[in-house]
Amino acid sequence: MADRTLTAFERMWLARTDRRAFLLGGLTLLGAGAFTRVQARPRWDESPFALGVASGDPADDGVVLWTRLVRDPLNGGGMPPAPVDVRWEVADDESMRRIVKHGRVTASAAWAHSVHVEVDGLEPGRVYWYRFHAGAATSPVGRTRTLPRRSDDVDRLRFAFVSCQHYEAGFFTAYRHLAAEDLDVVFHLGDYIYEGPGRDSQARKHHGLELATLEDYRNRYAQYRLDPDLQAAHAAFPWIVTPDDHEVDNNYAGAVSENNDPPDLFMRRRAAAYQAYYEHMPLRRRSVPRGPAIQLYRQFNYGKLASFFVLDTRQFRTDQPCGDGLKPQCPGMSDPRATLLGPAQERWLFDEVGRSNGQWNVLPQQVMMAKVDRMPGPDERFSMDQWSGYDACRTRLLEFFAARRPSNPIVLTGDIHSNWVNDLKVNFRDAAAAAVATEFVGTSIATGGDGVDQAPAMKDVLGENPFVKFQNSQRGYVSCSVTREAWHADYHVLDYVSRPGAPRKTRASFRVTNGRPGAERL
Ligand code: FE
Ligand code: CA
């Protein structure tokens with residue numbers, strides 16, 4: 001349609017990218033000459049390490065070390081266009097006296113002066129400390145840990161999983177508590193940032209407008225990373241991250257944005273969002289985005305104890321088949337072509353889980369897998385953005401669990417800003433059917449604000465969904481302790497996030513016993 005009216009987002013995006021393209025064009029011309037020389041001895045008025053340090057994507061011989069140099073974090077970073085020489089060190093003591101590895105890397109403007117060092121040659125299953133230097137400035141020290149060898153008998157794994165940290169909705173106090181734990185790794189299941197514009201009368205305020213350009217996304221990550229509690233959690237453990245929708249746009253599916261913007265325009269926005277995600281996360285080279293494509297589904301093995309299959313349920317999904325929101329059962333839900341994973345990721349998942357020798361086979365992913373009817377009474381309503389909107393895709397996976405019987409499948413979920421424990425079944429309507437897997441849904445760090453223990457309407461919902469073992473709508477995170485015999489999950493909650501300093505309470509604990517899918521309350 002020639003005279004189609006532009007959506008509000010299109011108008012905003014076009015207005016802002018035109019200006020940006022003009023500015024970037026000018027910088028490119030200047031950059032061709034004087035600014036391309038590497039700055040080996042940059043000078044700083046203030047530390048360029050204001051965004052802290054992080055590590056992630058551990059292997060049995062190394063890990064990714066991350067930082068990003070900034071001078072003006074909320075306004076494009078404030079760095080000159082020239083690349084900067086950064087030195088890094090890994091030590092086996094906290095005081096950084098016994099350096100076991102060190103090197104140099106160049107931080108370039110093209111990647112927002114972010115640094116991703118893939119260290120190798122380290123010992124398996126060990127704690128290390130690391131830091132960076134740029135000129136005379138030295139970063140804080142971070143602590144990390146390598147994976148055990150895949151063939152190792154590992155007695156115990158401790159980790160936490162987190163999601164949904166809306167900066168405006170509250171303080172990241174949960175991370176302060178998490179950072180004080182003794183963990184091997186942290187999984188982030190998405191909504192690391194939120195894309196909305198700054199709004200008044202919230203606990204805190206986003207800097208800037210709704211995110212559209214690369215610089216917008218960079219500024220938003222920088223604002224979140226200035227948070228001291230989030231920095232402490234990154235500095236304490238390696239993280240394994242996967243995004244959900246708000247890293248790009250609410251409830252997007254593949255090339256389809258929330259407001260059905262033209263796909264080519266949305267894909268440019270997605271490319272900017274994925275680039276900023278990569279720039280701010282401790283990811284390996286395999287995850288360097290190519291335009292609007294990024295490789296994020298991947299596997300990690302904690303010896304023979306646990307294998308993790310991290311999923312990406314946004315990039316390759318088909319559009320929500322019956323529209324968004326809560327809907328009754330509709331024919332599109334059972335369309336076998338409706339997919340959350342896309343064919344390649346689904347094949348990879350079945351192949352790798354099928355041949356896994358992990359005692360626990362864990363799927364850290366984004367959206368709720370259990371088929372929860374959200375409507376009290378005989379009518380049914382299912383969330384179309386979750387696995388329930390993609391029934392055929394979910395059934396293929398649950399039937400695969402039932403038929404192939406991989407050892408102890410566990411699903412870890414974020415997205416809905418509430419805690420749930422669910423038995424997963426091939427047929428959720430059959431109350432007598434055995435579980436084939438167990439789902440732990442973790443609440444948000446901040447999204448939703450202070451929250452309540454359980455909304456009154458939720459009691460009726462639980463009554464209609466007997467495979468749900470627990471529900472709670474406070475803020476917090478889940479920590480898990482895994483041995484060969486049992487999986488133990490602690491649901492930690494805070495009474496408030498609208499102001500800092502809430503103490504942590506363990507609201508509920510659950511156990512899954514080896515060989516017996518389904519959770520048992522302790
Ligand atoms: Fe969220
Ligand atoms: Ca109902």
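This is a short talk through two metal sites, a helix pair and a few single residues in one structure.

Okay, hi everyone. Before anything else, keep in mind that this is a predicted model.

Let's start with the iron ion, ligand 1. Which residues hold it? The iron ion is coordinated by Cys164 through SG, Asp191 through OD, Tyr194 through OH and His417 through NE2. Those distances run from 2.0 to 2.6 Å. If you read the donors along the chain, you get the spacing C-x26-D-x2-Y-x222-H. Have a look at that last gap: Tyr194 sits in the loop between strand S10 (185-188) and helix H3 (214-225), and His417 sits in the loop between strand S17 (409-413) and strand S18 (419-424), so this pair ties together parts that are 223 residues apart in sequence.

So why do we call the arrangement around the iron ion irregular? The 4 donor atoms subtend angles of 86 to 167°. For a tetrahedral label, all angles would have to lie between 85 and 135 degrees, and the upper end here is 167°, so irregular is what the site gets.

Two of these donors, buried or exposed? Tyr194 counts as buried because its relative accessibility is 4%. His417, on the other hand, is at 23%, so that one counts as partly exposed.

While we're in the S17 to S18 loop, please find Asp415, which is in there too. Its phi is near 75°, a positive value in a residue other than glycine. Asp415 counts as buried, at 12% relative accessibility. There's another one like this: Asp57, not a glycine either, has a positive phi of about 40°. You'll find Asp57 in the loop between strand S1 (53-56) and strand S2 (63-68), and it is buried, with a relative accessible area of 0%.

Back to the loop between S10 and H3, since Glu195 is found there as well. Glu195 is buried, at 6% relative accessible area. What does it touch? Leaving out residues up to four places away in sequence, its contacts include Leu209, Arg220, His246, Asp249 and Arg269. Take His246: it is 51 residues away from Glu195 in sequence, yet the two are 5.8 Å apart in space, C-alpha to C-alpha.

Now the helices. H3 packs with helix H5 (residues 263-280) at an angle of about 35°, and the axes are 8 Å apart. The crossing is right-handed. On the H3 side, the contact is made by Leu214, Tyr217, Arg218, Tyr221, Ala222 and Arg225; on the H5 side, the residues include Arg269, Ala272, Ala273 and Tyr277. What sort of residues are they? Across the whole contact, we have 8 nonpolar, 2 polar and 4 charged.

Next, the second metal, the calcium ion, ligand 2. Its protein donors are Asp373 (OD), Met375 (O), Gly377 (O), Asp379 (O) and Glu464 (OE), 2.1 to 2.3 Å from the ion. The spacing along the chain reads D-x1-M-x1-G-x1-D-x84-E. Met375 is partly exposed, at 26%, and Gly377 is partly exposed too, at 29%.

Last stop: Ala235, in helix H4 (residues 228-236). With a relative accessible area of 19%, Ala235 is buried. Beyond its neighbours within four places in sequence, it is in contact with Val53, Tyr130, Val141, Gly142 and Arg143.

That's my tour, thanks!

Key
Residues are numbered from 1 along each chain as its sequence is written. Chains are lettered from A and ligands numbered from 1 in the order in which they are written. This is a predicted model: local features need pLDDT of at least 70, side-chain atom pairs count only at pLDDT 80 or more; totals for chains, interfaces and linings use all residues. Side-chain values use heavy atoms; hydrogens and water are left out. Donors are N, O and S atoms within 2.8 Å of the metal (3.2 Å for Na, K and Ca); water is not among the atoms, so sites may look incomplete. Four donors count as tetrahedral if all angles lie between 85 and 135 degrees; four count as square planar and six as octahedral if opposite donors are over 155 degrees apart and all others between 65 and 115; anything else is irregular. Helices (H or I, at least four residues) and strands (E, at least two) are DSSP runs, numbered from the N terminus. Buried means under 20% relative accessible area, exposed over 50%, partly exposed in between (1.4 Å probe, protein chains only). Axes are lines fitted to C-alpha atoms, for helices over the stretch in contact, and angles run from 0 to 180 degrees between N-to-C directions. A crossing is left-handed if the near helix is turned anticlockwise from the far one by less than a right angle, and right-handed if clockwise. Contact means heavy atoms within 4.5 Å. Ala, Val, Leu, Ile, Met, Phe, Trp, Tyr, Cys and Pro count as nonpolar, Asp, Glu, Lys and Arg as charged, and the others, Gly among them, as polar.
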